[in-house]
Amino acid sequence: MTELELAHPHDLLVRHFLVEPDLTADLLTHYVDPKIVDLLDLDGLRCESPVNIDKNLDELIGDLRFSTTFKQSDKPTDVFVFFEHQSKQDRMIPFRLLEYIVKSYRKHLNAGDGVKSFPYPIAVVLYHGTRPWSTLPSMADLIDSVPGVDTNILNIPIHLIDLATIPLDKLKGHPAV
């Protein structure tokens with residue numbers, strides 16, 4: 001175990017349990033928008049990246065990445081599901097997730113022969129802070145606005161699973177939690 005891993009014990013716990021596709025599928029099914037989840041092949045979930053360390057920043061970037069397909073697709077992988085574990089609210093979470101997605105796309109591009117497209121990103125923040133998450137900003141909230149210029153160009157939907165807002169009796173015995 002590295003010194004970096006010891007500095008993030010909660011992340012290690014999440015990585016230990018959520019690398020199991022069945023638990024991840026269960027978590028998505030119960031706590032992420034059903035309109036999105038119903039489109040996914042949850043039986044085909046594969047954990048691709050339990051840890052991703054950026055050597056330039058010497059910092060943990062993203063907790064987990066899964067790949068799967070849309071149910072109506074014939075591609076081998078057309079969805080990346082990114083899990084970011086948070087114990088504190090972070091206004092910059094959209095940027096951190098965008099950075100993680102771009103790094104994964106770069107890896108995907110470098111690994112594929114003739115890649116013509118990228119998997120659809122689904123970003124999930126698993127938050128277990130002491131207070132409910134107050135506001136989940138978007139990338140548009142982080143970009144200086146200029147009248148008449150669209151700031152939504154970098155927006156990705158972020159799905160928040162806020163454990164602080166789910167009653168304990170609902171969580172008790174839940175296999176993913």
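**Confidence**

I began with confidence, since this is a predicted model. In the protein chain, I found the lowest confidence in helix H1 (residues 3–6), where the mean is 43. The highest is in H4, at 93. I then took the chain as a whole: its mean pLDDT is 80, and 80% of its residues reach 70 or more.

I looked for stretches where pLDDT stays under 50. One is residues 1–7, with six contacts beyond four places in sequence in the model. Another is residues 57–61, for which I noted 17 contacts beyond four places in sequence. I left the details of both alone, because predicted coordinates should not be read in detail where pLDDT is low.

**Layout**

I counted seven helices and seven strands in the protein chain. Read from the N terminus, the order is α-α-α-α-β-β-β-β-β-α-β-α-β-α. I noted that 40% of the 177 residues count as buried. The chain exposes about 10,600 Å², of which carbon and sulfur atoms supply 55%.

I also checked how far apart in sequence the contacting residues are. Among contacts with a separation of 6 or more, 63% are between residues 24 or more positions apart.

**Cores**

Which residues have the most contacts inside the largest nonpolar core? I found Leu-28, Val-81, Phe-83 and Val-124, in a core of 22 residues. I traced the elements that give two or more residues to this core: helices H3 (21–31) and H4 (34–37), with strands S4 (64–68), S5 (79–86) and S6 (120–127).

I took Val-81 for a closer look and left aside its neighbours within four places in sequence. Val-81 is then in contact with Leu-28, Leu-45, Leu-64, Arg-65, Phe-66, Ile-122 and Val-124.

I also found a second, separate core, which has 13 residues, including Tyr-100, Ile-101, Ala-123 and Ile-158.

**Aromatic rings**

I searched the whole structure for aromatic pairs and got seven. I looked up Phe-66 and Phe-83 among the rings. Their centres are 6.2 Å apart and their planes stand at 75°, so I entered the pair as edge-to-face; the angle required is over 60 degrees. Phe-66 lies in strand S4 and Phe-83 in strand S5, so this pair ties together parts 17 residues apart in sequence.

Are Phe-66 and Phe-83 buried or exposed? Phe-66 has 0% relative accessibility and therefore counts as buried. Phe-83 is buried too, because its relative accessible area is 2%, and the limit for buried is under 20%.

I then checked Phe-80 and Phe-82, which also form an edge-to-face pair, 5.9 Å from centre to centre with 85° between the planes. Phe-80 and Phe-82 are both buried. I followed these two rings further and found them in one aromatic cluster with Tyr-100, Tyr-105 and Phe-118.

Which charged end sits over the ring of Phe-80? I found that of Arg-65, 4.3 Å from the ring centre. Arg-65 had already come up in my list of contacts of Val-81.

**A histidine in H3**

Last, I looked up His-30, which lies in helix H3. Its relative accessible area is 47%, so I entered His-30 as partly exposed. How far apart are His-30 and Ile-161 in sequence and in space? I noted 131 residues in sequence and 9.6 Å in space, C-alpha to C-alpha.

Technical notes
Residues numbered from 1 in each chain as written. Predicted model: local features only at pLDDT ≥ 70, side-chain atom pairs only at ≥ 80, totals over all residues. Heavy atoms only, no water. Core = buried A, V, L, I, M, F, W, Y, C linked by side-chain atoms within 4.5 Å. Buried < 20%, exposed > 50% of the residue type's maximum accessible area, 1.4 Å probe, protein only. Helix = DSSP H or I, 4+ residues; strand = E, 2+ residues; numbered from the N terminus. Contact = heavy atoms within 4.5 Å. pLDDT = per-residue confidence, 0-100. Phe/Tyr/Trp six-rings, centres within 6.5 Å; stacked < 30°, edge-to-face > 60°. Lys NZ or Arg CZ within 6 Å of the ring centre and 35° of its normal. Areas by Shrake-Rupley, 256 points an atom, 1.4 Å probe, with all protein chains shown as cover.
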